[in-house]
Amino acid sequence: MAETAIPGVVHHILENDYASEWMGIEVLTLSDGHATIRMTLRQEMLNGFGMAHGGMIFAFADSAFALACNPASPADPDSITVAAGVDINFLKPAYQGQVITAVADRRSSAGRSGLYDIQIFAADPGTTLPGELIAEFRGRSRTIPKK
């Protein structure tokens, strides 16, 4: 999925992540416990009210969560970090053509468990990013053996 990443920013989990590829996710920044991504809302991402479908916002935030949880160069190639549980709060709607940005940051890590906050923003094309806060996602992670 190299076409969705900006030059120099790559992550091994994107190689076979067809959902993130379909969404058109672009990786902006990656570091230990942090990821910033963006995408443009398309017509097929809207609900019957003409707003971004909540599942699209959730999936977008979940991709940022996964990137923040899993190091680009894993220390243990036999382990992966996955969601143990998540909560999302939708604050404002987003609409077709808007650019949404997710900023994911690790808040805490202990052993095989972690806590991450992801903020999702929406901006009209051509305006200053990241835009208005539209949702907040909190993820609890767990590192497990890779199958």
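## A first look at the fold

Starting at the N terminus, the elements of the chain follow the order α-β-β-α-β-β-β-β. That makes 2 helices and 6 strands. The radius of gyration of the chain is 15 Å, close to the 15 Å that the globule rule gives for 147 residues, so the chain is as compact as a globular protein of that length. Please keep in mind that this is a predicted model.

### The sheet

Let us turn to the strands. The 6 strands form an open sheet, and their order across the sheet is 1-2-4-5-6-3, with antiparallel pairing. Which strands are the edge strands? They are strand 1 (26-31) and strand 3 (79-90), each of which pairs on one side only. From one strand to the next, the twist averages 20 degrees.

As background, strands of a sheet pair through backbone hydrogen bonds, in either a parallel or an antiparallel way. The table lists three of the pairings here, each with a pair of residues that stand opposite each other.

| Strand pair | Sense | Bridges | Residues opposite each other |
|---|---|---|---|
| Strand 2 and strand 4 | antiparallel | 7 bridges | His 34 and Asp 105 |
| Strand 3 and strand 6 | antiparallel | 11 bridges | Gly 85 and Arg 140 |
| Strand 5 and strand 6 | antiparallel | 10 bridges | Phe 121 and Leu 133 |

To find these places in the sequence, note that strand 2 covers residues 34-40 and strand 4 covers residues 99-110. In strand 6, Arg 140 is the residue opposite Gly 85, while Leu 133 is the one opposite Phe 121.

### A helix on the sheet

What packs on the sheet? Helix 2 (residues 54-69) does, touching strand 1, strand 2, strand 3, strand 4, strand 5 (113-123) and strand 6 (132-145). The direction of helix 2 makes about 150 degrees with that of strand 2.

### The chain as a whole

Now for the overall picture. Along its principal axes, the C-alpha trace of the chain spans about 45 × 30 × 25 Å. How many of the 147 residues count as buried? The share is 36%. The accessible surface of the chain comes to about 7,900 Å², and 54% of that surface belongs to carbon and sulfur atoms.

Contacts across the sequence complete the tour. Among contacts in the chain with a separation of 6 or more, 60% are between residues 24 or more positions apart.

Notes:
Residues are numbered from 1 along each chain as its sequence is written. This is a predicted model: local features need pLDDT of at least 70, side-chain atom pairs count only at pLDDT 80 or more; totals for chains, interfaces and linings use all residues. Side-chain values use heavy atoms; hydrogens and water are left out. Two strands pair if DSSP finds at least two bridges between them. Helices (H or I, at least four residues) and strands (E, at least two) are DSSP runs, numbered from the N terminus. Axes are lines fitted to C-alpha atoms, for helices over the stretch in contact, and angles run from 0 to 180 degrees between N-to-C directions. Contact means heavy atoms within 4.5 Å. The radius of gyration is taken over C-alpha atoms; the globule rule is 2.2 Å times the number of residues to the power 0.38. Buried means under 20% relative accessible area, exposed over 50%, partly exposed in between (1.4 Å probe, protein chains only). Accessible areas come from the Shrake-Rupley method with a 1.4 Å probe; for residues, only the protein chains shown count as cover.
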